Amino acid sequence: MKFFVDTADVAEIKDIAATGLLDGVTTNPSLILKSGRPMLETIKEICSIVPGPVSAETVSTDYKTMLEEGRKLAKLAKNVTVKVPLTPDGLKTCKALREEGTMVNVTLCFSAGQALLAAKAGASFISPFVGRIDDQGHDGMELIHEIMTIYTQYPHFKTEVLVASVRHTQHVIQAAKMGAHVATVPPNIIRQLFKHVLTDNGLKAFLDDWAKTGQSIL
Ligand code: E4P
């Protein structure tokens with residue numbers, strides 16, 4: 001399973017990338033706002049830090065302008081993945097950009113039917129927003145299960161399921177159990193994945209005992 005980090009904060013991206021476990025990055029207009037930085041410059045910088053796919057989102061709703069924005073974003077770096085919304089114009093843009101060889105992430109997916117359309121449009125990634133579905137009192141992970149079931153029936157679909165709107169570590173674990181290809185995870189949740197109180201306690205006990213031996217390895 002690939003791990004993307006869901007942030008436009010360059011310092012956070014560098015920190016997570018240093019673990020050697022980071023496969024890509026996702027951003028969106030809200031994350032760009034939060035970063036307080038110009039989008040194009042930020043995406044370019046992120047692309048130079050992380051060699052994997054870096055999602056940069058279009059902000060128009062009509063096909064012509066969205067395609068123009070997508071082409072401009074794609075020129076920023078080889079690893080830019082253009083993000084388009086799951087609308088008829090978004091999917092039309094997806095198809096056109098894919099034919100030009102650009103990676104596309106179709107975002108704001110909330111149903112299995114939408115995911116099916118995105119695969120038919122040749123999306124590189126489909127982003128179902130599990131946390132936002134949970135927020136509505138439904139089960140976001142059930143959608144991942146449905147999409148994985150559908151995609152598995154059609155091995156010629158090359159679209160990867162990118163679990164988005166992740167709110168806690170269980171979302172990541174459940175996504176992995178279902179065989180989802182990617183999870184895009186906020187930095188604090190990636191850090192939580194490392195943590196276990198028994199790891200901390202166990203390490204402390206080993207180090208205390210090691211100190212008592214008076215030995216050193218180096
Ligand atoms: C990532 O591609 C999405 O834009 C992001 O995961 C949305 O997360 P949110 O629901 O926490 O805003």
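A residue counts as buried when its relative accessible area is under 20%. By that cut-off Phe157, at 15% relative accessibility, is buried. The model examined here is predicted.

Aromatic contacts were considered next. A pair of aromatic rings is described by the distance of the centres and the angle of the planes. The count comes to 4 aromatic pairs. One of them joins Phe4 and Phe125. The ring centres of Phe4 and Phe125 lie 5.7 Å apart. Their planes stand at 70 degrees, so the pair is edge-to-face. This contact links distant parts of the chain. Phe4 belongs to strand 1, residues 2-6. Phe125 belongs to strand 6, residues 125-128. The two positions are 121 residues apart. Phe4 is buried, with a relative accessibility of 1%. Phe125 is buried as well, at 4%.

Another aromatic pair is formed by Tyr154 and Phe157. Here the centre-to-centre distance is 5.4 Å. The angle between the planes is 40 degrees, and the pair is tilted. An angle under 30 degrees would count as stacked and one over 60 as edge-to-face, so the value of 40 degrees falls to the tilted class. The partners differ in exposure: Tyr154 is partly exposed, with a relative accessible area of 40%, whereas Phe157 is buried at 15%. Tyr154 and Phe157 also belong to a cluster. Ring pairs link these two residues with Tyr151.

A ring also meets a charge in this model. The charged end of Lys92 sits over the ring of Tyr63. Its distance from the ring centre is 4.3 Å.

The surface was then examined. Trp210, Ile217 and Leu218 make a nonpolar surface patch. The area of this patch is about 440 Å². Ile217 lies in the segment after helix 11, which spans 197-213. The relative accessibility of Ile217 is 74%, and the cut-off for exposed is over 50%, so Ile217 counts as exposed.

Ala176 was placed last. This residue lies in helix 9, residues 169-177. Its relative accessible area is 39%. That value lies between the limits of 20% and 50%, so Ala176 is partly exposed. Ala176 and His138 are 38 residues apart in sequence. In space, the C-alpha to C-alpha distance between Ala176 and His138 is 20 Å.

Terms used
Residues are numbered from 1 along each chain as its sequence is written. This is a predicted model: local features need pLDDT of at least 70, side-chain atom pairs count only at pLDDT 80 or more; totals for chains, interfaces and linings use all residues. Side-chain values use heavy atoms; hydrogens and water are left out. Helices (H or I, at least four residues) and strands (E, at least two) are DSSP runs, numbered from the N terminus. Buried means under 20% relative accessible area, exposed over 50%, partly exposed in between (1.4 Å probe, protein chains only). Rings of Phe, Tyr and Trp (its six-membered ring) pair if their centres lie within 6.5 Å; planes under 30 degrees apart count as stacked, over 60 as edge-to-face and the rest as tilted. A charge sits over a ring if NZ of Lys or CZ of Arg is within 6 Å of the ring centre and within 35 degrees of the ring normal. Patches are made of residues with over 30% relative accessible area and no salt bridge: like charges are joined within 9 Å, nonpolar side chains (Val, Leu, Ile, Met, Phe, Trp, Tyr) within 5 Å. Accessible areas come from the Shrake-Rupley method with a 1.4 Å probe; for residues, only the protein chains shown count as cover. A salt bridge is a side-chain nitrogen of Lys or Arg within 4 Å of a carboxyl oxygen of Asp or Glu.
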